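User: Please take a close look at a single strand of this model and its surroundings. I would like the pairing, the burial and the connection described together.

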Amino acid sequence: MNDGRYVVLGLGDPRAPWFSELAQWATAGVAPIEFVKCLSVAEVITRLESARPYSALLVDESATGLDLDLVDLARRHGCAVIAVDGGHRDWRALGVAGVLPSGFERGPLVAALADHASLVRNPRGEGSTAPDAVAVTPWRGQLVAVTGPGGTGASTAAMALAQGLADDVRYAGMLALADLSLNAELAMFHEVDDLVPALADLVDAHRHAQLGAAEVRSMTFEIVARRYRLLLGLHRHQDWTALTPRAVASALDSLRAAFHVTVADVDADVEGERETGSTDVEERNVLARTAVAQADVVVVVLQPDLKGVFAGQRTVHALQAIGVAAERTVAVVNRAPRAPRGRAQLAQAVSDLVGPLATTAPVWLPERRGFDDVHRNVERFPRALTDPLVTAVEAVAERAGAPEPSTVEPERIAPGSLGTWTDQEEAS
């Protein structure tokens with residue numbers, strides 16, 4: 001005899017007919033269900049993150065605040081999301097597990113739960129979770145993240161790399177340069193006067209659906225001289241507060257589906273909750289963390305002096321701390337000395353401080369004057385700047401192959417693992 005039952009969360013208008021009917025079925029015991037009513041998304045999140053297991057989340061079409069992040073959170077907690085649909089929303093775009101009509105009967109409900117959810121046999125303890133669906137990995141283009149401490153020329157390196165890769169006939173017209181920095185400056189470097197569409201619009205569109213390739217490309221600007229398309233960044237630094245992690249990941253995934261190669265200009269700050277204990281810091285750095293976690297290759301740009309190499313060391317160590325493999329990293333020294341002896345000494349310093357990376361030696365980018373005119377007129381970069389970057393990145397990408405899935409999700413803190421007030425009193 002199966003003594004399990006489905007513990008079901010309900011989100012929607014409590015006056016909806018199915019709310020009261022489901023409560024009656026649960027109370028009368030005519031269905032193996034325990035029904036927990038929720039009046040807001042915040043209440044759903046609180047319950048999902050509690051120690052109690054839940055089988056499914058039933059969401060009414062009238063519910064507000066439902067987006068990809070909530071669906072993803074429920075899925076991570078083994079809770080299937082089933083929509084109660086009145087025919088006015090595209091629920092499948094949100095990735096829900098199933099859909100029931102607004103006037104559903106008990107039989108279809110139980111069948112949907114059997115298909116998508118798991119029975120909880122110990123409702124107050126450890127419960128079963130729904131088995132993971134078989135993942136079908138769609139095609140995705142390559143992603144190269146370019147980063148570096150402030151003032152190193154990482155944005156220039158990203159533009160030069162994008163131009164060099166775009167010159168390859170394999171990527172012609174299908175290469176994107178994405179500005180994922182908090183202090184976005186690529187619009188200035190490209191003399192783009194339009195403010196929209198931009199990154200915030202792309203991310204916001206992915207809160208409720210996955211855009212098609214044509215829609216994603218329409219949100220970028222064609223840079224004719226350099227043969228790539230540009231995704232503008234945030235209008236203001238503080239606009240990161242409107243970004244949600246799941247929507248950012250979904251937007252970046254759509255970029256990769258729309259272009260053969262995406263070059264992302266990202267910040268060097270990648271600390272998260274694990275390193276700082278702050279969820280706010282992790283959310284502020286979500287663009288950089290998401291990009292480097294998905295990247296096939298990460299390019300770190302350094303300056304050719306003691307401070308520059310030291311700052312590069314911190315950047316590389318921070319990247320490795322969140323799971324970026326050394327064999328996927330390329331060190332680039334900007335404004336490098338021309339003399340072989342100076343380069344040899346600098347290469348040794350980089351190796352000593354930063355450690356061995358994917359390349360046997362750093363990529364050297366020479367000092368060049370007149371770059372303000374190149375940026376102001378959106379002229380083409382010289383091949384002396386683009387070719388070394390392209391050669392190194394393609395070599396690392398070919399040698400390393402497809403990256404392992406990398407997660408930068410926050411970790412749950414076990415109750416009691418941080419100590420108690422009693423411990424602190426005894427210590428004092």
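**Strand β3 and its neighbours**

Analyst: Strand β1 (residues 6-11) pairs with β3 in the parallel sense, over 4 bridges; two strands count as paired if DSSP finds at least two bridges between them. Helices (H or I, at least four residues) and strands (E, at least two) are DSSP runs numbered from the N terminus. This is a predicted model, in which local features need pLDDT of at least 70, side-chain atom pairs count only at pLDDT 80 or more, and totals for chains, interfaces and linings use all residues. Residues are numbered from 1 along each chain as its sequence is written, and side-chain values use heavy atoms, with hydrogens and water left out.

Within the pairing of β1 and β3, V8 has A56 as its bridge partner. A56 also has a bridge partner in β4, namely A80. Strand β4 (residues 80-85) runs parallel to β3 and is joined to it by 5 bridges.

The connection involves helix α3 (residues 68-76): β3, α3 and β4 make a right-handed β-α-β unit. Right-handed here means that, with the strands pointing away from the viewer, the path from the first strand over the helix to the second runs clockwise.

As for burial, 5 of the 5 residues of β3 (residues 56-60) are buried, so the strand is largely enclosed by the rest of the structure. Buried means under 20% relative accessible area, with a 1.4 Å probe and protein chains only. In a regular strand, side chains alternate between the two faces of the sheet. In β3, A56, L58 and D60 point one way, L57 and V59 point the other way, and all are buried.

Technical notes
Buried means under 20% relative accessible area, exposed over 50%, partly exposed in between (1.4 Å probe, protein chains only).
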